[in-house]
Amino acid sequence: MRLYPVNCAERLGFEDVKELLLKHCLSTMGKSLVQKMQIMTNTDQIAKFLHQTEEFKNIILQAEPLNVNGFYDIKRFADKLRIEGSYLLEDEWHELNISLQTVFSVIKFFQEREGVFPNLEALFENLAIEKPIATLIDRVIDPKGKMKTNASSELLNLNQQIQKGEQEVRSKMDSLYKLASSKGWTADGSLTVRDGRICIPIVAEHKRKIKGFIHDESASGQTVYLEPEEVFNLNNKLRDLAFDRRREVIKILKDLSDQIRPYNSSILAYHGFLTKLDFVRAKALFAIQLSANLPKILKEPKTKLRQARHPLLSLSFAQENKSVVPLNAHLDENLRILVVSGPNAGGKSVCMKTIGLLQMMFQSGLLVPVDAESEMGIFQQIFADIGDDQSIESDLSTYSAHLTKMKYFVENAGEKSLILIDEFGTGTDPQFGGPMAEAVLEVLNKKMVKGVITTHYSNLKHFAGNTEGLENASMLFDHKRMKPLYVLDIGKPGSSYAFEIAQNIGLQKDVIQLAKEKTGVQQNQVDSLLVKLEKDKRDIHLAKVEVSNQQNKVKQLLQENEKLKAHLEENKRVLLKEAKLEAQQIIKKANKLVENTIAEIKETKADKTVTKQLRLHLKQELDTYTLPQEAPVYKVEDSEIEVGNLVKLIDGDSVGEVISINKNNLVVAFGDLRSVVKRSRIQKVSHKQMKKMAQATSSNFKMTDQASQFNPSVDLRGMRTENAIQLVETYMDRAIMLGFPSLKVLHGKGDGILRKMVRDYLKKYKEVSHFEDEHADRGGDGITYVYFK
């Protein structure tokens, strides 16, 4: 990839992206690969790197049990082992062993899922699994990185002798210390060590009362540290044993080094594997941080970006709880160069830099923050003219620096070049700068280059509108609030809003009017038309956004309705099955009870007392399966009773309709039964009250039915973050509506990313009292319990 000028990547922000990527690396090896990242032009190589990152991203999001935390630079161990006679120390063997365990566990993970992650599997293709290395190390080094006491029979013998000698010295010293203490010879304190020897702190005036060797004295000279003669020889023997032990340890380490040395090439291969693994892992974590995706990869030098976001701006805004307005743009054979115009600080430069930076990230193997439906191709060259490159040393003014770059662009650009020029033509008199820029643009267009150019010059807007391959674009502006919308609209040029912005900041009216007169009537009319055109475009854009939002809501509601329908059907099936099973059990129990009752009646020869008791027992068993019925409460009206009114008996709950009236006698229909009732025994019932009670009964039944079918547990494992959050929202709303006290959320462990995002989302609910992990024996931090107020 040819970049021009030298600081092109830095100007577009690619170096800042690399700095952010470094933070996700676990090892110095991974960081070294980040520093060496190159913008590539080989399509197959780019595709391989992108798919590896995408696969690792999916592993993290799906909380797969892949342990990649043990990373050390094991190349230095291999380099050390290459020298005959050299050996590794205990902590070095420990770090090598941890790294080997990581290698073997990762390879095992992919072997168990063979074919699922083909691009990651290529990282360890033809990599030999040398398990004997780890076995040899485990025989000598314990899990804490220390040499095992039984690493050799000689070492075991020496360790036992040292332990026995230390116990003997300690016992002897304790008895001598107690004797000296009882006679008042010791100073404050206990046994201490001086020059590697255990000593008793003795008051200086009593130092001759115990035979021994003085190794040190206190600063005041009041205390001396004495090693009794009786333990002197014992300590000498211990020191000799320690020297012997050290020699044996070195011998064991040398033997182990000699045994491992033949595997040195494999260790170097494992180092390369760990380095690549750390690098891919860092890229995957960075992609998750950016919500980046893998676009469709094209071989041709063209691009179609959907919902693209500037990565650095997105992360900066995220810290302030803001969001970036996404960008939609494309460059192909027909639309080769976008000429973007609009007001200052309206987002023109950000638009151009976003396209350039995302192209660099894509061709270096990084996933980019765009919609997955986006398409990106391969460019052979990226040329950029951004910022002020004036140089005193080179005797270059701002405009000279711009022209130097234009000269290079014209000489070297081709159909596979991406050109990015900010504020095209500035730095000199617009009367000459405009035509010069137009001429350069015409030549570049004939060379079929692709690119994005920002400008305020009207002649460039006019040229783009009348030239094949060029297209005007503008950044939308809210002329009412005088604020940019940061939305790119392709097809029409934009106004610079010079007069409107001047008026908004309070520039004197007479100055603005004078400026308009000097500008000329025709130019003012053109600018006014552009302003009106942008207003119309803005209104259309807002209408499209509103329609799109409504469509998304309808789509979401339809999906939720289908899910609920399927859930209800499943619950209905389960409930019917359970009801049938329960009915079968009731019938079996009833049959058995009836058979037993008949048998007992026969045995007692139909004794009346026994028969009565059995019937009572049978009735009690029947009552246990009978649902209690509550008596209905009716509203009584005091108005005159007429034919057709609903009435109820004063001393009962039966409700009937009045058929006819004969003085104080009323004929009332209670269902199919007609009865003559005295007027004094009945009361009139309200039709409205009867209707409300029927509706309430129906509503309560529906709510109870929903509650019985709702399971307050949601499983998010294996889901993308957006889908997981959407499902949590649905379950939270239903649990709160139905009055459930808690909700169980299964999100898995993994790197904890899904768990963090779910918990951050739960904090937005004021109905949530608190949430906590499940008990460690039942899932631990892989499950979150949400409790409602």
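Biologist: Where is the place of Pro201?

Modeller: In this predicted model, Pro201 sits in strand β3, which covers residues 197-203.

Biologist: Why is Pro201 called buried?

Modeller: Buried means under 20% relative accessible area. Pro201 has 3% relative accessibility, so it counts as buried. Leaving aside neighbours within four places in sequence, its contacts include Tyr177, Thr186, Leu191, Val224 and Tyr225.

Biologist: How far apart are Pro201 and Trp185 in sequence and in space?

Modeller: They are 16 residues apart in sequence, and their C-alpha atoms are 8.8 Å apart.

Biologist: What makes β4 and β5 a pair of strands?

Modeller: Two strands pair if there are at least two bridges between them. Strand β4 (residues 212-217) and strand β5 (residues 223-228) are joined by 5 bridges, so they pair, and they run antiparallel. One example is Ile214, whose bridge partner in β5 is Leu226. The two strands form a hairpin with 5 residues between them, and Gly221 in the turn has a positive phi of about 80°.

Biologist: Which strands does β7 pair with?

Modeller: Strand β7 (residues 303-308) pairs with strand β8 (residues 327-331) in the antiparallel sense over 4 bridges. There, Ala308 stands opposite Leu327. β7 also pairs with strand β10 (residues 375-376), again antiparallel, over 2 bridges. Two bridges is what the rule asks for at least, so β7 and β10 count as a pair. In β10, Glu375 is the bridge partner of Lys304.

Biologist: Let us turn to the core. How many residues has the largest nonpolar core?

Modeller: The largest nonpolar core has 54 residues. Phe14, Leu338 and Leu358 are among those with the most contacts inside it. Helix α13 (residues 348-363) gives the most to this core, with 8 residues.

Biologist: Why is it called a nonpolar core?

Modeller: Because the name is given to buried residues of kinds such as Phe, Leu and Met that are joined through side-chain atoms within 4.5 Å. In soluble globular proteins, nonpolar side chains tend to be buried together.

Biologist: What is Leu358 in contact with, leaving aside its neighbours within four places in sequence?

Modeller: Leu358 is in contact with Leu305, Ala308, Arg309, Pro311, Val368, Pro369, Val370 and Met376. Apart from the largest core lies another one, of 49 residues, among them Ile60, Leu96, Ile267 and Ala284.

Biologist: Ser364 is in the loop between α13 and β10. Is Ser364 buried or exposed?

Modeller: Ser364 has 3% relative accessibility, so it counts as buried. Leaving aside neighbours within four places in sequence, Ser364 is in contact with Phe14, Met37, Gln38, Ile39 and Met40.

Biologist: How much space lies in the largest pocket?

Modeller: About 1,800 Å³. It is lined by 44 residues, and the closest to its centre are Ile288, Gln289, Leu290, Ser291 and Met757. Several elements give two or more residues to the lining, including α4 (43-61), α11 (264-290) and α23 (753-762). The largest share, 6 residues, comes from α12.

Biologist: How do the residues of that lining divide into nonpolar, polar and charged?

Modeller: The lining has 21 nonpolar, 12 polar and 11 charged residues.

Biologist: And the whole protein: how many helices and strands are there?

Modeller: There are 23 helices and 25 strands. Buried residues make up 40% of the 789 residues. Among contacts between residues at least 6 apart in sequence, 68% join residues at least 24 apart.

How values were computed: Residues numbered from 1 in each chain as written. Predicted model: local features only at pLDDT ≥ 70, side-chain atom pairs only at ≥ 80, totals over all residues. Heavy atoms only, no water. Buried < 20%, exposed > 50% of the residue type's maximum accessible area, 1.4 Å probe, protein only. Contact = heavy atoms within 4.5 Å. 1 Å grid on protein atoms, 1.4 Å probe; cavity = no way out; pocket = protein on both sides within 12 Å on 5 of 7 lines; lining within 4 Å. Points joined across faces, edges and corners; volume = space filled by probe spheres on them. Nonpolar A, V, L, I, M, F, W, Y, C, P; charged D, E, K, R; others polar.
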